[in-house]
Amino acid sequence: MKKPGRPYQDLFLISFIILFFELACIRWFGAKVIFLTYFTNIVLMACFLGMSVGCFAASRKKDYIQMVIPLAALSSVLATLVLLAYLKFSRLAVDVGGQLSGQFIYFGTEWRLPDPAAFAVPLWVINGVFFTLISLMFVGLGQVMGRAFAAIPDRVKAYTANVAGSLAGIVVFSVFSWLWIPAFVWFAVSLAVFFYFLKRKAPIQILAAAVCICAVSAGVFVHSRNSKEIWSPYYKILYGRDEGIISANNQWHQNMVAVAQEYGLLYALPHLLSRDAQVEPFKKILVIGSGSGNDVAAALKYADTDSRIDAVEIDPAILSIGRADHPDRPYSDPRVRAHLQDGRKFLHESPAGAYDLILYALVDSVVLHSGYSNLRLESFLFTKEAFEDIKKSLAPDGVLVLYNHYRQGWIVGRLVKMAAEALGSEPLVVSVPFMEKIDLSSYIPFYTMVIAGNGPDNPRLEQIRDMFGGQGSFWANRAPVKNESVRAFGPQPPFPDDDWVQVRPAEMETEGLNFLPSDAWPFLYLRDKTIPFKPTGQGALVVAFVSLAILFLFSPVKFTRPRWQMFFLGAGFMLLETKSVVHMALLFGSTWVVNSFIFFSILVMILLANLFVLRLQPRDLRPFYAGLLLSLLVNAFVPMSYFLALPDIIRPLFSCAVVFIPVFFAGVIFAAAFRESDHPDVDMGYNIAGVILGGLSENLSLMLGFNNLLFVAVLFYVFSALLRPRAS
């Protein structure tokens, strides 16, 4: 085996491109492969598996870097073909473990139910295929990294170069996200670096690179030639300007409409109910998830000239589309202040009693917050603590309105119960069209609206309730412009035509709701505290099986001993990273900027740990294990609500200390152990393999919550301490 001629440069560069390409794969495959957007941790673990096996194979003569570009071409072409087949053949369904089972909700999966007479592809098959391909793609990259490690005698300096390269990868990809750089540029940068490491630049490699770029670039034409593809920091957005349709990660997401016309009923309904019940007009309105502007436009239509509307949206591309092209131009109105921000953070920081009306406007992302957890972008908006923030932000006579196609009765029941407990009044529940009773087991094929008043005997809510009690029904026209000249409470529609929709309160059953989402367990869409076998358990089995198969095929190396310390250090660190991401997302917002800052800060702490080890040369790791375990237990036992209650000046300091001190201790332990390595490629391979165990263990958060997940991390670190090699 020929050792790298420029080991530090090569290690920095391969570390840079591995992290950069890993982020690119998480974004691109999650956006292209149907429904993989809800399982991007599959892509993350595939990257780690490939790196681990590549490190194990560093001593083999065969250069697996030669297969990276052809595999990238194959994977990108197959992803495009799978999406094309799903879009073109309406009878082709992907079985996500029972779309209507009601155990775990994945938005958009229920629109195409598996037909017993048609072919349905299980999701675990699709995930398994791409997990395998992505893993194999990263084997060559891991092999280059393992060889670079083996070529540097000073292990800690080598690890420092590795971390510095990873830092550069995060920074460059974050800049690309900030600038909405399209995906083909991500892959072009990655392929260029891959060519640097190729010993033989054969024509097949150039052809494969061209095929890969074409497949990544041509994805927009799979949908429509009239669509514009935008890579926001969160989504692959397809925007059809002629129709005003915005799709996110292959799913219909928003449709900009003139709200007074045919499709504006849902957006206008809360305002029409208030107007016809002669409720005092709302003057201070907060719209969470304002998107491209439909809800803001409806609020403007029925608001006074001196009203103020705060519109909060997390995605800059969707907000930009709404500013430029919404037919009602709501964001151009001087009464509107748009905020590019996480909704929970905005709620928490808003002044007490600031709003007469708070609207949750179709808040439903179709993407995970990161590949490190099952957290979605909106998860922290639907917790008991979030509803306490709503109560604080509402005026004494203020009203909360939530509406969406919630699908399952138990989801609506949770929202009703959280609103009732936090605000102190019994909410109204209406379905559009009318549904007489909603129980926990109901599947709701329509939109549901929950209206809750702040405090008992809330005058605004009670006026609406009294009007329903006296008149029986409200009649909303599908074109709200027809409601403008009538008062629509009554037993019959104002005019005998088919456009009127009956709206009445539904009887809501909440008996049997044993627990509600909280900041520690923020899973509104999971019915029970369990790990659903379909599809989560199936995915875990596929990951385990493929991992063992690839390990057996590619990494038969001579082991002097098992490296269990390194293995469990990797598993514990993965859970530590997961908790850090979740913790900081709650405190500072579930935005991509916060996410990038977290990973950047973690790598900086590891660099500091390396410098500490280089300077002080610690031999006895017991004090650092003690500090690590103690800091993890503090993290586990101190509720996250404690940090939210801290003053704004102190909160960042305490939060960063609690999150990043364990990272420093873990970094010192790893660097000191790695310093003594006789086979750095094998040790690094074991460490990365442990990350896969940590990634699979993250699913335990669905049962335990994120705070209790740290006890699993503690267990992994205890194993690493007990199984560390003894000094001779």
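**Close-up views of a predicted model**

**View 1. Helix α5 gives the nonpolar patch its largest share, 3 residues.** The patch consists of Val171, Val175, Trp178, Leu179, Val593 and Phe600. Together these residues offer about 560 Å² of accessible area at the surface. Both α5 (155-178) and α18 (592-616) supply at least two residues each. Phe600 sits in α18 and is partly exposed, with a relative accessible area of 33%. The model is predicted: local features need pLDDT of at least 70, side-chain atom pairs count only at pLDDT 80 or more, and totals for chains, interfaces and linings use all residues. Residues are numbered from 1 along each chain as its sequence is written, and side-chain values use heavy atoms, with hydrogens and water left out.

Terms: patches take residues with over 30% relative accessible area and no salt bridge, joining like charges within 9 Å and nonpolar side chains (Val, Leu, Ile, Met, Phe, Trp, Tyr) within 5 Å. A salt bridge puts a side-chain nitrogen of Lys or Arg within 4 Å of a carboxyl oxygen of Asp or Glu. Areas follow Shrake-Rupley with a 1.4 Å probe; for residues, only the protein chains shown count as cover. Buried is under 20% relative accessible area, exposed over 50%, partly exposed in between (1.4 Å probe, protein chains only). Helices (H or I, at least four residues) and strands (E, at least two) are DSSP runs numbered from the N terminus.

**View 2. Seven strands build an open sheet with mixed pairing: 7 strands in the order β9-β8-β7-β10-β11-β14-β12.** Its edges are β9 (336-340) and β12 (428-432), each pairing on one side only. Strands pair if DSSP finds at least two bridges between them. Neighbouring strands are turned by 15 degrees against each other on average, direction ignored. Axes are lines fitted to C-alpha atoms, for helices over the stretch in contact, with angles from 0 to 180 degrees between N-to-C directions. Within the sheet, β11 (394-404) and β14 (447-453) run antiparallel, joined by 6 bridges. Asn404 has Thr448 of β14 as its bridge partner.

**View 3. Helices α10 and α15 lie across strands of the sheet.** Helix α10 (294-302) lies across β7 (284-288), β8 (308-313), β9, β10 (355-361) and β11. It runs at about 175 degrees to β8. Helix α15 (459-471) crosses β10, β11, β12 and β14, at about 55 degrees to β12. Contact means heavy atoms within 4.5 Å.

**View 4. Four strands form an antiparallel open sheet, in the order β3-β4-β5-β6.** The edge strands β3 (227-231) and β6 each pair on one side only. Neighbours are turned by 25 degrees on average, direction ignored. From β3 to β4 there are 5 bridges, and Glu229 has Leu238 of β4 as its bridge partner. Between β4 (236-240) and β5 (245-248) there are 4 bridges. Here Leu238 is matched with Ser247 in β5. Another 4 bridges join β5 to β6 (251-255), where Ala248 stands opposite Gln251.

**View 5. Two hairpins carry turn residues with positive phi.** The β4 and β5 hairpin has 4 residues between its strands, and Gly244 in the turn has a phi of about 70 degrees. The β5 and β6 hairpin has 2 residues between its strands, and Asn249 takes a phi near 50 degrees.

**View 6. Val481 lies in the loop between β15 (474-477) and β16 (500-503).** Val481 is partly exposed, with a relative accessible area of 36%. Val481 and Leu238 are 243 residues apart in sequence and 30 Å apart in space, C-alpha to C-alpha.
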